[in-house]
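Work through the exercises below with the sequence and the coordinates open beside the text. Each task is followed by a solution that proceeds step by step.

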Amino acid sequence: MLSTSTIQIVQSTVPVLASHGAAITKVFYQRLFQAHPELKHVFNQSNQRSDRQSQALATAVYAAAAHIDQLETLKPVLLPVLHKHRSLQIKPEMYPIVGHELLGAMQDVLGEAATPDILRAWGEAYGEIANLFITLEAELYAQDEQAKGFSGYQTVEISDVEEQADGIRALTFHTDGPLPAYRAGQYITVRIQDKDGLWHNRQYSLTTASNIETYTIGVKREGIVSDYLHAAQVGDTVFISAPAGAFTLDASDEPVVLIAGGIGITPMLAMADEALAAGRQVTLHHAVQDERNRPFNEQLALLEQRGARVIRYAEHQAMDQAGRLPKDVIAGITDSTYVCGPEAMIQYVIEHFTASPDKLHYEIFGPTLAFAAETPVAQ
């Protein structure tokens with residue numbers, strides 16, 4: 001337990017973090033990779049170049065400082081991060097390294113303002129924060145080992161490849177034995193190694209309801225891992241980690257609304273599949289830039305045959321509607337709603353969603369806390 005004086009000192013630094021948090025976390029990553037280059041194999045280097053990861057960490061540090069006397073209240077906000085850490089195989093021994101470099105970055109940026117008392121208090125506070133993460137992540141690892149029989153990265157073979165649209169393909173993986181079960185909306189992490197020996201990890205949503213024989217993902221070509229997967233062929237192998245993610249359907253029999261933009265359709269396909277199998281009413285909105293490049297048309301048609309209402313939007317050659325979802329459509333939604341797609345689209349839905357906030361859930365492809373820092377309404 002932290003002392004009252006430590007809590008007071010940490011909370012007093014909240015205004016400082018609001019002003020200098022981004023600078024501190026940027027310096028932190030520079031220090032981290034210089035001292036521990038092996039961690040480049042874990043952290044997404046694209047997010048490093050765009051400063052998205054720095055912003056996400058700054059948000060986490062700011063939130064921790066503000067709630068240092070009640071860290072457990074942050075668990076719902078941290079849950080997507082915990083799942084991401086588990087999928088990337090973040091282990092307890094990494095936390096002391098992070099803490100050392102974070103305190104060093106605070107001292108580098110704040111200079112004399114980072115007094116010995118402040119650094120001491122933050123050292124103690126970081127220990128509490130790290131222990132919370134380690135404890136909660138241990139629960140997720142235990143779930144993998146006990147319920148899924150799957151730990152670390154495992155080799156799977158590509159058994160099928162389907163071109164879905166320009167720059168988008170579906171890949172199906174299998175192994176000799178059963179794969180871990182999962183919940184619709186979850187993702188797997190695919191790990192590949194480039195020609196320079198650097199490992200790259202990316203998350204891809206599973207596109208069908210739970211299936212222990214095969215996993216299928218949709219991949220949009222836009223980076224190192226996706227380039228590799230777009231060149232891969234049937235019979236090639238990759239490493240994956242067990243399914244993870246907190247973006248899953250609620251446990252009810254009530255109607256569900258799914259809103260997807262572009263490649264954001266991938267988790268929605270699995271959610272619609274699972275919801276229909278449970279006898280739930282499903283409405284699926286899907287927006288793309290061009291109808292000619294709408295991915296997963298066959299799967300959408302099969303969902304319609306099973307009773308889902310699928311509404312298609314496109315900026316060009318529209319079928320059901322033109323452009324994006326009308327504001328009045330969003331405002332009229334009263335059922336549990338799940339959104340996945342470009343951040344601008346998610347912010348648009350949040351802005352016009354008038355039902356109870358606890359009915360709205362979303363998934364972004366990137367650092368969740370960075371998006372939260374830019375979004376006026378919390379998830």
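Helices, runs of at least four residues in DSSP state H or I, are numbered from the N terminus, as are strands, runs of at least two residues in state E. The model used throughout is a predicted one. In its protein chain, the secondary structure comes to 13 helices and 12 strands, and buried residues make up 51% of the 379 residues.

**Exercise 1. Locate Trp122, decide whether it is buried or exposed, and list its contacts beyond four places in sequence.**

Step 1. Trp122 is found in helix H7.

Step 2. The cut-off for a buried residue is a relative accessible area under 20%. Because Trp122 has a relative accessibility of 3%, it counts as buried.

Step 3. Once residues up to four places away in sequence are set aside, Trp122 touches Val10, Thr13, Leu17, Val61, Ala65, Leu103, Met106 and Ile129. For one of these partners, Ala65, a separation along the chain of 57 residues goes with a C-alpha distance of 8.9 Å.

**Exercise 2. Describe the largest nonpolar core and state which helix supplies its largest share.**

Step 1. The largest nonpolar core has 46 residues, and Phe28, Ile68 and Trp122 are those with the most contacts inside it.

Step 2. At least two residues of this core come from each of the helices H1 (4-12), H2 (14-35), H4 (52-66), H5 (75-87), H6 (94-110) and H7 (116-148).

Step 3. H7 provides the largest share, with 11 residues.

Step 4. Apart from this core lies another, of 24 residues, including Ala272, Leu300, Leu303 and Val310.

Step 5. Returning to Phe28, its contacts, not counting residues up to four places away in sequence, are Leu57, Val98, Glu101, Leu102 and Ala105. Tyr29 is found in helix H2 and, because its relative accessibility is 5%, counts as buried. The C-alpha atoms of Tyr29 and Val98 are 9.1 Å apart, although 69 residues separate the two along the chain.

**Exercise 3. Give the strand order of the open six-stranded sheet, name its edge strands, and examine the environment of Asn201.**

Step 1. The strands of the open sheet follow the order S4-S3-S6-S1-S2-S5, and their pairing is antiparallel. S4 and S5 are the edge strands, since each pairs on one side only. On average, and with direction ignored, neighbouring strands of this sheet are turned by 40° against each other.

Step 2. Strand S3 (residues 187-193) pairs with S4 in the antiparallel sense over seven bridges, and Val190 stands opposite Arg202 in S4.

Step 3. Asn201 lies in strand S4 and, because its relative accessible area is 5%, is buried.

Step 4. The side chain of Asn201 makes a polar contact of 3.0 Å with the side chain of Arg191, and it also reaches the backbone oxygen of Val42 at 3.4 Å. Leaving aside neighbours within four places in sequence, the residues in contact with Asn201 are His41, Val42, Leu88, Tyr153, Thr189, Val190, Arg191 and Val225.

**Exercise 4. Check the span of helix H9 against its number of residues, then establish how it is covered.**

Step 1. Helix H9 covers residues 265-277, which is 13 residues, and at 1.5 Å a residue it should span 18 Å. Its end C-alpha atoms are 18 Å apart, so the span agrees with the expectation.

Step 2. H9 is mostly covered, with 11 of its 13 residues buried; among them are Ile265, Pro267, Met268, Leu269, Met271 and Asp273.

Step 3. The buried residues of H9 pack against strands S4 (199-205), S5 (215-220), S7 (256-261), S8 (282-290) and S11 (336-340), and against helix H10 (297-305).

Step 4. Just after H9, Gly279 takes a positive phi of about 80°.

**Exercise 5. Which residue does the side chain of Ser336 join through a polar contact, and what else does Ser336 contact?**

Step 1. Ser336 is found in strand S11 and counts as buried because its relative accessibility is 8%.

Step 2. A polar contact of 2.9 Å joins its side chain to that of Asp250.

Step 3. With neighbours within four places in sequence left aside, Ser336 is in contact with Asp250, Pro255, Val256, Val257 and Lys359.

Definitions and conventions: Residues numbered from 1 in each chain as written. Predicted model: local features only at pLDDT ≥ 70, side-chain atom pairs only at ≥ 80, totals over all residues. Heavy atoms only, no water. Expected span 1.5 Å × (residues − 1). Buried < 20%, exposed > 50% of the residue type's maximum accessible area, 1.4 Å probe, protein only. Contact = heavy atoms within 4.5 Å. Pairing = 2+ DSSP bridges. Axes fitted to C-alpha atoms, helices over the stretch in contact; angles between N-to-C directions. Core = buried A, V, L, I, M, F, W, Y, C linked by side-chain atoms within 4.5 Å. Polar contact = N/O pair within 3.5 Å; in protein donor to acceptor, adjacent residues only side chain to side chain.
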